[in-house]
Amino acid sequence: MKAWGIFLLLLCLQAITYAVIGESQTCPAENVGKCDDSDWEGEFFPGINKIKYEGPSSKNPLSFKWYNAEEEILGKKMKDWFRFSVAFWHTFRGTGADPFGAPTKYWPWEDGTNSLKMAKRRMRANFEFINKLGVDWWCFHDRDIAPDGETLEEANANLDEVVALAKELQMQSKKKVLWGTAQLFMHPRYMHGAATSSELGVYAYAAAQVKKALEVTHYLEGENYVFWGGREGYQSLLNTDMERELNHLARFFEAAVAYKKKIGFNGTLLIEPKPQEPTKHQYDWDAATTANFLRKYGLIGEFKLNIECNHATLSGHSCHHELETARINGLLGNIDANTGDPQVGWDTDQFLVDIQEATMIMLSVIKNGGIAPGGFNFDAKLRRESTDVDDLFIAHIIGMDTMARGLRNAATLIEDGTLAELVRKRYQSFDTEIGAQIEAGKADFDFLEKKAKEWGEPKVASAKQELAEMILQSAL
Ligand code: XUL
Ligand code: CO
């Protein structure tokens with residue numbers, strides 16, 4: 001009874017403190033590590049309400065102009081086309097640091113440590129953020145959400161503690177994990193790679209880390225699990241047995257498939273292609289290379305691809321190209337929605353704001369009938385110079401609005417049908433008896449030579465590229 005009284009008194013004192021100060025206590029950057037032990041109270045994003053759709057004429061930066069979650073486009077709600085997800089590592093661990101400069105962002109809730117207490121606080125901030133943004137999914141690496149440990153046991157115990165909180169917060173908010181992954185690139189043990197390391201002990205350590213990450217992704221009702229081979233590649237072929245490394249990688253994936261089945265995880269396993277960075281050459285170079293790898297090792301039915309737009313351009317393709325390559329191979333699983341900067345050239349992980357690019361992305365997604373159980377993960381970060389808390393919201397809002405405009409435009413193009421008709425006409429010579437014979441594999445070279453002689457010089461029609469571009473632009 002006495003304890004209860006003291007608790008009520010403390011609660012009243014706290015309420016008075018809030019009333020006087022008007023906001024939650026923060027731990028300033030200069031006090032790194034010296035803040036008191038009480039945990040964060042109140043909201044992380046005070047003054048920011050749930051983001052609403054206000055339509056294209058709204059001037060409110062904290063509103064959606066084009067993304068209207070419940071609105072149906074081509075028979076599906078917008079939120080179901082996208083299944084938007086917040087990337088924990090950028091939004092909650094991104095500091096603005098780059099190879100030339102120190103962090104620029106000091107979020108009020110950060111105390112400058114990577115303690116378990118801080119990890120839990122960040123997790124609560126994550127859930128307030130996704131609730132206010134109106135997004136149903138989030139993605140994580142094991143080491144973003146919980147501190148590493150001196151031993152695997154300690155790292156796993158840290159992870160368990162944070163994951164237990166995440167599970168509780170998920171149940172309260174009805175949010176889920178879009179995908180989880182293991183971070184197999186930061187620690188020095190992974191300097192030669194993880195599954196492709198020249199060291200057997202590292203291969204085993206990576207396997208143990210993925211085993212645990214699969215378990216927690218399953219526990220958090222994740223719908224997918226991603227493998228991004230951060231250091232699965234080489235810096236020099238002179239000291240690399242590429243064939244052996246690729247064989248190891250395939251064995252690693254086989255073991256992951258077996259473990260996924262063993263624990264009853266029904267999520268999709270995804271591989272995220274990237275051509276280089278941090279290694280000079282990464283084995284999952286692009287969608288076609290990865291598809292070839294999966295086919296060679298008999299893994300094609302067990303995996304899909306997570307296409308990241310900035311990785312697409314790093315490999316010399318467009319995002320649309322990578323999506324189409326994945327789609328026509330039945331491998332389109334998820335999109336890491338971001339973009340690079342053509343003047344910079346590396347993996348800048350920017351929010352995608354190009355409406356034309358978004359439209360082409362959505363043409364692929366619609367052709368694919370959507371990408372569920374995958375979604376659109378914002379593997380994107382604020383620019384180093386954007387340092388306000390509300391910039392986190394604004395960045396995600398423009399990312400979502402851009403994709404929503406892409407969806408609306410793509411739907412207009414599909415409903416209009418002119419572009420599809422242009423493509424159909426381009427191939428109409430194959431819509432004939434002989435065309436059907438060729439497509440069915442029933443036209444041999446003797447037969448074709450006979451026809452070529454009979455028909456003489458073929459008439460070749462215009463490709464109408466500029467007309468196609470004109471049609472695309474009319475929908476933007
Ligand atoms: C790195 C990258 C990763 C993966 C997950 O370029 O895209 O964040 O998405 O490891
Ligand atoms: Co990514």
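This report looks at the metal site, the domains and the cavities of a predicted model.

## Ground rules

Local features need pLDDT of at least 70 and side-chain atom pairs pLDDT 80 or more, while totals for chains, interfaces and linings use all residues. Residues are numbered from 1 along each chain as its sequence is written, chains are lettered from A and ligands numbered from 1 in the order written, and side-chain values use heavy atoms, with hydrogens and water left out.

## The cobalt site

Let's start with the cobalt ion (ligand 2), whose protein donors are Glu 272 (OE), Glu 308 (OE), Asp 336 (OD) and Asp 379 (OD), at 1.9 to 2.1 Å. Donors here are N, O and S atoms within 2.8 Å of the metal (3.2 Å for Na, K and Ca); water is not among the atoms, so sites may look incomplete. Along the chain the donors of the cobalt ion are spaced E-x35-E-x27-D-x42-D.

Glu 272 sits in the loop between strand E10 (268-271) and strand E11 (281-282), and Glu 308 in strand E12 (residues 303-308), so the pair ties together parts 36 residues apart in sequence. Strands (at least two residues) and helices (at least four) are DSSP runs, numbered from the N terminus. Glu 272 counts as buried because its relative accessibility is 4%, and Glu 308 counts as buried at 2%; buried means under 20% relative accessible area (1.4 Å probe, protein chains only).

## Domains

The chain is divided into domain 1 (65-416) and domain 2 (431-475), with bounds from an automatic or database domain assignment. Their C-alpha centres lie 40 Å apart.

Notes
Buried < 20%, exposed > 50% of the residue type's maximum accessible area, 1.4 Å probe, protein only.
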